[in-house]
Amino acid sequence: MVKEKPNSTRIYDKDGFRRRAACICVRSDSEKEVLLVSSSRKPEHWIVPGGGVEPEEEPSVTAIREVLEEAGVRGKLGRCLGVFEQNKERKHRTEVFVLAVSDELPEWEDSRTMGRKRKWFPVEEALEQLKQHKPVQLSYLQSMILTCNNDKVT
(Lines give C-alpha, C1' and ligand atoms only; values in the text may rest on other atoms or scores of the structure.)
Protein backbone atom coordinates (compact mmCIF):
# COMPACT_ATOMS: atom_id res chain seq x y z
CA MET A 1 0.00 0.00 0.00
CA VAL A 2 1.49 3.32 -1.06
CA LYS A 3 0.77 6.21 1.25
CA GLU A 4 -0.94 9.16 -0.40
CA LYS A 5 -2.19 11.86 1.91
CA PRO A 6 -5.53 13.50 1.19
CA ASN A 7 -5.26 17.23 0.54
CA SER A 8 -1.47 17.11 0.33
CA THR A 9 0.19 19.51 -2.07
CA ARG A 10 3.53 18.68 -3.59
CA ILE A 11 5.99 21.54 -3.47
CA TYR A 12 8.60 22.01 -6.20
CA ASP A 13 11.71 24.18 -6.32
CA LYS A 14 12.70 26.51 -9.17
CA ASP A 15 14.35 23.60 -11.04
CA GLY A 16 11.22 21.43 -10.95
CA PHE A 17 12.47 19.11 -8.17
CA ARG A 18 10.00 17.96 -5.53
CA ARG A 19 11.03 19.27 -2.10
CA ARG A 20 11.34 16.65 0.61
CA ALA A 21 12.85 16.30 4.08
CA ALA A 22 14.06 13.30 6.06
CA CYS A 23 15.83 12.35 9.29
CA ILE A 24 18.51 9.88 10.17
CA CYS A 25 17.20 8.91 13.62
CA VAL A 26 19.89 7.97 16.13
CA ARG A 27 19.61 6.41 19.57
CA SER A 28 22.53 8.27 21.19
CA ASP A 29 25.23 10.85 20.58
CA SER A 30 27.60 8.09 19.50
CA GLU A 31 25.41 7.63 16.38
CA LYS A 32 26.19 3.90 16.27
CA GLU A 33 22.54 2.84 15.76
CA VAL A 34 19.97 4.24 13.35
CA LEU A 35 16.24 3.70 13.03
CA LEU A 36 14.84 2.59 9.68
CA VAL A 37 11.20 2.02 8.71
CA SER A 38 9.61 -0.48 6.38
CA SER A 39 8.85 0.89 2.92
CA SER A 40 5.21 1.56 2.02
CA ARG A 41 5.86 0.19 -1.49
CA LYS A 42 7.94 -2.84 -0.51
CA PRO A 43 7.48 -3.71 3.19
CA GLU A 44 10.47 -6.08 3.15
CA HIS A 45 12.78 -3.11 2.41
CA TRP A 46 14.06 -0.76 5.12
CA ILE A 47 14.27 2.99 4.43
CA VAL A 48 14.98 6.35 6.07
CA PRO A 49 11.77 8.12 7.20
CA GLY A 50 10.92 11.25 5.24
CA GLY A 51 8.40 12.89 2.96
CA GLY A 52 7.20 15.93 1.08
CA VAL A 53 7.45 19.49 2.30
CA GLU A 54 4.01 21.06 2.71
CA PRO A 55 3.20 24.65 1.60
CA GLU A 56 4.69 27.27 3.93
CA GLU A 57 6.54 24.56 5.90
CA GLU A 58 10.23 24.64 6.68
CA PRO A 59 12.13 21.42 5.83
CA SER A 60 13.13 21.00 9.50
CA VAL A 61 9.43 20.98 10.48
CA THR A 62 8.68 18.51 7.67
CA ALA A 63 11.45 16.20 8.89
CA ILE A 64 10.09 16.15 12.46
CA ARG A 65 6.49 15.62 11.23
CA GLU A 66 7.44 12.79 8.87
CA VAL A 67 9.49 10.96 11.52
CA LEU A 68 6.54 11.07 13.91
CA GLU A 69 4.11 9.84 11.20
CA GLU A 70 6.34 7.15 9.70
CA ALA A 71 8.46 5.96 12.64
CA GLY A 72 6.46 7.01 15.71
CA VAL A 73 9.42 8.72 17.36
CA ARG A 74 10.14 12.14 18.80
CA GLY A 75 13.42 13.73 19.66
CA LYS A 76 15.81 16.62 19.28
CA LEU A 77 16.61 17.78 15.76
CA GLY A 78 20.34 18.06 15.22
CA ARG A 79 22.56 19.04 12.35
CA CYS A 80 21.53 19.25 8.72
CA LEU A 81 23.46 16.80 6.57
CA GLY A 82 22.68 18.67 3.36
CA VAL A 83 20.36 18.48 0.38
CA PHE A 84 20.45 15.24 -1.59
CA GLU A 85 19.20 14.90 -5.14
CA GLN A 86 17.20 11.89 -6.33
CA ASN A 87 17.80 10.68 -9.88
CA LYS A 88 16.76 12.86 -12.81
CA GLU A 89 13.59 10.81 -13.49
CA ARG A 90 12.14 11.13 -9.97
CA LYS A 91 13.40 14.70 -9.51
CA HIS A 92 13.44 14.90 -5.71
CA ARG A 93 15.64 17.11 -3.53
CA THR A 94 15.66 16.03 0.10
CA GLU A 95 17.03 18.06 3.00
CA VAL A 96 18.30 15.56 5.57
CA PHE A 97 18.75 16.08 9.32
CA VAL A 98 19.95 14.00 12.25
CA LEU A 99 17.38 13.45 15.00
CA ALA A 100 18.35 12.17 18.47
CA VAL A 101 15.38 10.01 19.50
CA SER A 102 14.07 10.55 23.03
CA ASP A 103 10.61 8.98 22.79
CA GLU A 104 9.28 5.90 20.94
CA LEU A 105 5.49 5.68 20.73
CA PRO A 106 4.02 2.17 21.11
CA GLU A 107 1.64 2.93 18.22
CA TRP A 108 1.76 5.65 15.55
CA GLU A 109 -0.11 6.81 12.45
CA ASP A 110 1.58 4.59 9.84
CA SER A 111 1.71 1.55 12.14
CA ARG A 112 -2.08 1.75 12.50
CA THR A 113 -3.02 2.70 8.93
CA MET A 114 -0.54 0.64 6.92
CA GLY A 115 1.28 -1.71 9.26
CA ARG A 116 4.58 0.13 8.92
CA LYS A 117 7.35 -1.21 11.15
CA ARG A 118 10.48 0.39 12.62
CA LYS A 119 13.74 -1.24 13.60
CA TRP A 120 17.05 -0.13 15.11
CA PHE A 121 20.09 -1.16 13.08
CA PRO A 122 23.80 -0.91 13.85
CA VAL A 123 25.16 1.64 11.36
CA GLU A 124 27.05 -1.02 9.39
CA GLU A 125 23.89 -3.10 8.94
CA ALA A 126 21.84 -0.01 7.99
CA LEU A 127 24.44 0.79 5.32
CA GLU A 128 23.96 -2.72 3.89
CA GLN A 129 20.16 -2.38 3.93
CA LEU A 130 20.22 0.97 2.11
CA LYS A 131 22.94 -0.13 -0.34
CA GLN A 132 20.60 -2.82 -1.70
CA HIS A 133 17.55 -0.66 -2.44
CA LYS A 134 18.10 3.02 -1.67
CA PRO A 135 21.46 4.34 -2.93
CA VAL A 136 20.46 7.99 -2.40
CA GLN A 137 19.52 7.23 1.21
CA LEU A 138 22.81 5.36 1.57
CA SER A 139 24.53 8.68 0.85
CA TYR A 140 22.55 10.32 3.71
CA LEU A 141 23.96 7.79 6.15
CA GLN A 142 27.48 8.04 4.75
CA SER A 143 27.30 11.82 5.20
CA MET A 144 26.20 11.38 8.83
CA ILE A 145 29.15 9.07 9.49
CA LEU A 146 31.60 11.55 7.96
CA THR A 147 30.24 14.55 9.87
CA CYS A 148 30.03 12.56 13.13
CA ASN A 149 33.70 11.66 12.78
CA ASN A 150 34.60 15.25 11.89
CA ASP A 151 32.71 16.58 14.94
CA LYS A 152 34.74 14.34 17.23
CA VAL A 153 38.07 15.34 15.65
CA THR A 154 37.63 19.12 15.90
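A residue is called buried under 20% relative accessible area, exposed over 50%, and partly exposed in between. The structure on screen is a predicted model, and the tour below moves through it by selection.

**Stop 1: Asp13 and Arg93**

Select Asp13 first. Because its relative accessible area is 21%, Asp13 falls in the partly exposed class. Now add Arg93: the two side chains meet in a salt bridge, with 2.7 Å from N to O. Arg93 belongs to strand β6 (residues 92–104), whereas Asp13 lies in the segment before β1 (18–26), so this pair ties together parts that are 80 residues apart in sequence.

Extend the selection to Lys14, Asp15 and Glu85. Together with Asp13 and Arg93, these residues are linked in a network of salt bridges. The structure as a whole holds 14 salt bridges.

**Stop 2: the ring of Phe17**

Keep Arg93 displayed and add Phe17 and Lys91. The charged end of Arg93 sits over the ring of Phe17, 3.8 Å from the ring centre. The charged end of Lys91 also sits over the ring of Phe17, at 4.8 Å from its centre. Arg93 therefore appears both in the salt bridge to Asp13 and over the ring of Phe17.

**Stop 3: Arg65 in helix α1**

Move to helix α1 (residues 59–71) and select Arg65 and Glu69, which both lie in this helix, four residues apart, about one turn. Their side chains meet in a salt bridge of 3.5 Å, N to O. In an α-helix there are 3.6 residues a turn, so residues three or four places apart point the same way.

Next add Glu66. Arg65 forms a salt bridge with Glu66 as well, and the closest N and O atoms are 2.9 Å apart. Are these two acidic partners buried or exposed? Glu66 counts as buried, at 2% relative accessibility, and Glu69 counts as buried too, at 12%.

**Stop 4: strand β2 and its partners**

Select strand β2 (residues 33–38). Five of its six residues are buried, so the strand is largely enclosed by the rest of the structure. Three pairings can be followed from here.

- Towards β1: two bridges join β1 to β2, and the strands run antiparallel. Cys25 has Leu35 in β2 as its bridge partner.
- Towards β7: five bridges join β2 to β7, again antiparallel. Glu33 stands opposite Pro122 in β7.
- Towards β3: β2 and β3 pair in the antiparallel sense over two bridges. Val37 stands opposite Ile47 in β3.

**Stop 5: two residues with positive phi**

Return to the loop between β1 and β2, where Glu31 is found. The two strands form a hairpin with six residues between them, and Glu31 in the turn has a positive phi of about 55°. Glu31 is a residue other than glycine. At 10% relative accessibility, Glu31 counts as buried.

Then select Glu56, in the loop between β4 (50–52) and α1. Glu56 has a positive phi of about 65° although it is not a glycine. Whereas Glu31 is buried, Glu56 is exposed, with a relative accessible area of 85%.

**Stop 6: Trp46 and Phe121**

The structure holds two aromatic pairs. For one of them, display Trp46 and Phe121: the pair is edge-to-face, 5.5 Å centre to centre, with 70° between the planes. Trp46 lies in strand β3 (residues 46–47) and Phe121 in strand β7 (residues 118–122), and the pair links these distant parts of the chain, 75 residues apart. Both Trp46 and Phe121 are buried.

**Stop 7: the two sides of helix α3**

Select helix α3 (residues 123–133). Which of its residues are buried? They are Val123, Ala126, Leu127, Gln129 and Leu130. Seen down the axis of α3, these buried residues fall within an arc of 165°, so they line one face of the helix. Rotate the view to the face turned away from that buried side, which carries the exposed residues Glu124 and Gln132.

**Stop 8: Ser143 in helix α4**

Finish with Ser143 in helix α4 (residues 135–153). Ser143 counts as buried, at 15% relative accessibility. To see what surrounds it, display Leu81 and Phe84: leaving aside neighbours within four places in sequence, Ser143 is in contact with these two residues.

Methods. Residues numbered from 1 in each chain as written. Heavy atoms only, no water. Salt bridge = Lys/Arg side-chain N within 4 Å of Asp/Glu carboxyl O. Buried < 20%, exposed > 50% of the residue type's maximum accessible area, 1.4 Å probe, protein only. Arc of directions from axis to C-beta. Phe/Tyr/Trp six-rings, centres within 6.5 Å; stacked < 30°, edge-to-face > 60°. Lys NZ or Arg CZ within 6 Å of the ring centre and 35° of its normal. Contact = heavy atoms within 4.5 Å. Pairing = 2+ DSSP bridges.
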